[in-house]
Amino acid sequence: MAATTTETAQRWVGRSVKRVEDPRLLTGRGTYVDDLHLANLHQAAILRSPHAHARIRGIDASKAEALPGVVGVVRGKQVAELSEAFPLGVAAPVRYYSCAVGKVLFVGEPVAVVVAKDRYTAEDACDLIEVDYEPLPCVLDPEKAVEDPTAPILHENVGSNVANHRVLHYGDTDKAWAEADLIVKTGRLVFPKYGSTPVEGYAAAAQWDPLNQAYTIWSNFHGPFIMHPVMCRALGVTEDRLRFIVPPDIGGGFGIKSSVYPYMTLMAICARVTGLPVKWIEDRREHLVASSSGTDRVSYLEAAVKKDGTILGVRMKIYDNCGGYIRTPEPACLYRATGNYSGAYLFQNLKMDQYAVMTNKSLTGPNRGYGCQQLYFGLERLVDQVAYDLGMDVAEVRLKNLIPAGAFPYTTPSGGIYDSGDYSKSVRLALDMAKYDELRKRQTAARASGKLYGIGVATAVDPSVTNMAYITVAWTPEERARKGYLPKAGSSETGSVRIDPSGKAFCMVNTTPEGQGHETAVSQIVADELGMAIGDVHVITEFDTFTRTWSITSGSYSSRFASVGASAVATAARRVKEKVLKIAAPMLEVNPQDLDVRDSKVFVKGSPERSVPIRRIAGQAHWSATLLPEGLEPGLQATCMFNFPNAKPPDEKDRVDSSQTYGFIAEVMGVEIDPATGEVRIDKYVTVHDVGTLINPMIVEGQVMGGALHGVAGALYEEMAYDESGQFLAASFMDYLCPTAMEAPPIEIGHVVSPSPFTVLGSKGCGESSTMTAPAVVANAIADALRPLNIAVRELPMTPNKVWKLLQEQKAKGVA
């Protein structure tokens, strides 16, 4: 049974406390961007391109401007005059604005914005705008965009479709290949383009202050706040002239809302042009067509192996599809996993040949499992192939190559510092929970009766709290060493705690939660540290760059809350506790180190009857400052900006600790395929997680379940599909198939706890979790089911139609 908020307890951390946010959210009392009301607030609607690639020869908005209620139409020309192209993390001179300037590069790209008294009028006015387009050839496949000399070039000033290309060498792959008994190859693997579909789409409102030449923007942007200086550069203002405000509630994000910043910029320009506050709320079609997604990836992997299954080294060639423009933070999808490129395995030799490519698809950015979904789909398919080629069991190969428990903290060949773990224990627990041996017997019986049954195994190292230095691996060591270059590194977060005069605690966090339960977890942490009931702890989550102490890495992304956000809050609470004990010491005539807190009281250790209420100490701190012990300031408050010492820039060999904590995931899945329809049914799904200390097990398991279904969605259902002309084919939920509770399989969750030595509470991130492994374990299970028919699984999603076609092709050959 979940604990209540009014109980007192020795320890709150580790308990499945009911979420304190839920009564507000479930009764419709949440506060979102669309709840914002400003004087004379006007609404915006965006006219979008119907073409994948075309020149804009002219825009006639005269009819729209004449429509009653319309106050302005903003075109690309004005956007180019009032802003600069967004700064990028690559050298390619790509000019990306918040609205198309002279040319459109994907279906759905903004072409003009209408501002009107209401959304209805603005939408009607969009229909009156006439745009003269000159259609151009398009390219959609990232490999073709690079390797085919006939592919159209999207950005003439760049000269190619390659936005970034690096070849990274770790160890000696040539030596590994020479020593290998066998070279194992995956063939061409294709990971799909899919998104997150949060309940609430993008939302932004902006106001221009002509007196101070400053912008205020309200949005559901959840970080990283490195986008604040990026937008300042684009809008041509200093950082004290751009104010971000994020409301207490965001209706889901999953990484996608990091990419709302171009629309924030666009609304700021609309507010400046019209002289009015402007709000835009994205509709579902807009979100599917043109918001953001993870990258679709084409990859080729091969491994050098010994006959006993030992993996000596891995080579990967990768083409990431960034869409029409590369935009910040891309090419992060290629580099976010730098420190964990080798996954959970011991091999020391690695070569990565990586391309960030531009094509005529919509743009990409962070999406749950960012970079790791794509990585582990390829790496885990490769490990399965090693087992197949050697005639070994897939679990046996993994157990043979896992990093041993005694090796932690473990430094990977690419520079990651894995903080803690027992990977073999986690894998064995997953196998035991799945009854793996019995599952194999079931499979044998099923195959004997003509059924298609497969078993998949997958592992992943789950990185959290990205070190922003990883993105600079996109630059060569020589470029990073150039004169005047300032190395960028770190991943800090801020937490503030204060006790008011009545003895209640207030906490301010900059983690911009999107529904993960941060308020609950912070309440548990602070209640533990200050000896209170969590009902006496109040958490403030709305964010304001003008009133908060914040870092450019602040926000909710990269599963960073439980590692760095929790560490910041816990440290701030401990500083407040230290002051509380110093004030209480003379009252109880003991030294501060002889005191502790519990049940909202400070008591003498060993003599709990000698105590003083925290409210009395708070009263003295606020009302009787002259009675405080010498050297103490009035009030009870503390702020901590927590950072990790390992968050350093990459070295001259491109090694970097790209994340600051690393969890672990082991999964086992059984699937049955209907040969008549191609439908895949998940029969068994076991997932084991090591996230260090579990702050709230119920919340952790909620994240695991959500992440698992999100990953299954990309493996079986969801795909942002295009036809050959670049037309988008999935602009509604009729065509973009999101799994619901009806499609959600039963999931058995297990835990192994290896506390992190790098965080205050030993906790690690868990927000992305099985999103990283689910595509791999589904693909491996389907491949196992189809292996007797000599059908390889090299792409996702494996929809019923795709599976059925593969079966029919083999049937035509006389195999199926």
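**Helices α16 and α17**

I began with the crossing of α16 and α17 in this predicted model, and I found that α16 passes α17 in a right-handed crossing. Helix α16 covers residues 518-530 and helix α17 covers residues 561-588, and I noted an angle of about 35 degrees between the two, with their axes 9 Å apart. I then listed who makes the contact: from α16 the residues are His518, Ala521, Val522, Ile525, Val526, Glu529 and Leu530, while α17 contributes Phe561, Ala566, Val569, Ala570, Ala573, Arg574, Val576 and Lys577. Sorted by class, I have 11 nonpolar, 1 polar and 3 charged residues in this contact.

**The sheet of 8 strands**

I next traced an open sheet of 8 strands, whose order I wrote down as β3-β5-β1-β12-β9-β10-β11-β22, with mixed pairing. Which strands stand at the edges? They are β3 (70-75) and β22 (543-544), and because each has a single partner strand, one side of each is left without a neighbour in the sheet.

Within this sheet I looked at β9 (residues 203-209) and β10 (residues 214-219), which run antiparallel and are joined by 6 bridges; Ala206 stands opposite Ile217 in β10. I also recorded that helix α8 (residues 261-274) packs on the sheet, where it touches β1 (42-48), β3, β5 (110-116), β9, β10, β11 and β12 (278-281), and that its direction makes about 40 degrees with that of β9. Helix α7 (residues 227-235) lies across β10 and β11, and I noted that it runs at about 135 degrees to β11.

**Ile245 in β11**

I then picked out Ile245, which lies in strand β11 (residues 242-246). Is Ile245 buried or exposed? Its relative accessibility is 17%, and because the cut-off for buried is under 20%, I count Ile245 as buried. Leaving aside neighbours within four places in sequence, I found Ile245 in contact with Thr216, Ile217, Trp218, Ser219, Phe543 and Asp544. I also checked Ile245 against Trp12, and the two are 233 residues apart in sequence and 31 Å apart in space, C-alpha to C-alpha.

**Aromatic pairs**

A search of the whole structure gave me 21 aromatic pairs. For Phe221 and Phe225 the ring centres are 5.1 Å apart and the planes stand at 85 degrees, so I entered the pair as edge-to-face; both of these residues are buried. Phe543 and Trp550 also form an edge-to-face pair, with 6.1 Å centre to centre and 80 degrees between the planes, and I noted that Phe543 and Trp550 are both buried. Following the ring pairs, I could link Phe221, Phe225, Phe244, Phe543 and Trp550 into a cluster.

**The sheet of 5 strands**

I turned last to an open sheet of 5 strands, in the order β7-β15-β14-β13-β8, whose pairing is mixed. Its edges are β7 (162-170) and β8 (182-191), and since each has a single partner strand, one side of each is left without a neighbour in the sheet. Direction ignored, neighbouring strands here are turned by 5 degrees against each other on average.

How many bridges join β8 to β13? I counted 8 between β8 and strand β13 (residues 296-305), and the two run antiparallel; Leu189 has Ser299 in β13 as its bridge partner. Helix α11 (residues 372-390) lies across β8, β13 and β14 (311-321), and I recorded its run at about 140 degrees to β8.

Key
Residues numbered from 1 in each chain as written. Predicted model: local features only at pLDDT ≥ 70, side-chain atom pairs only at ≥ 80, totals over all residues. Heavy atoms only, no water. Helix = DSSP H or I, 4+ residues; strand = E, 2+ residues; numbered from the N terminus. Buried < 20%, exposed > 50% of the residue type's maximum accessible area, 1.4 Å probe, protein only. Contact = heavy atoms within 4.5 Å. Axes fitted to C-alpha atoms, helices over the stretch in contact; angles between N-to-C directions. Left-handed = near helix turned anticlockwise from the far one by under 90°. Nonpolar A, V, L, I, M, F, W, Y, C, P; charged D, E, K, R; others polar. Pairing = 2+ DSSP bridges. Phe/Tyr/Trp six-rings, centres within 6.5 Å; stacked < 30°, edge-to-face > 60°.
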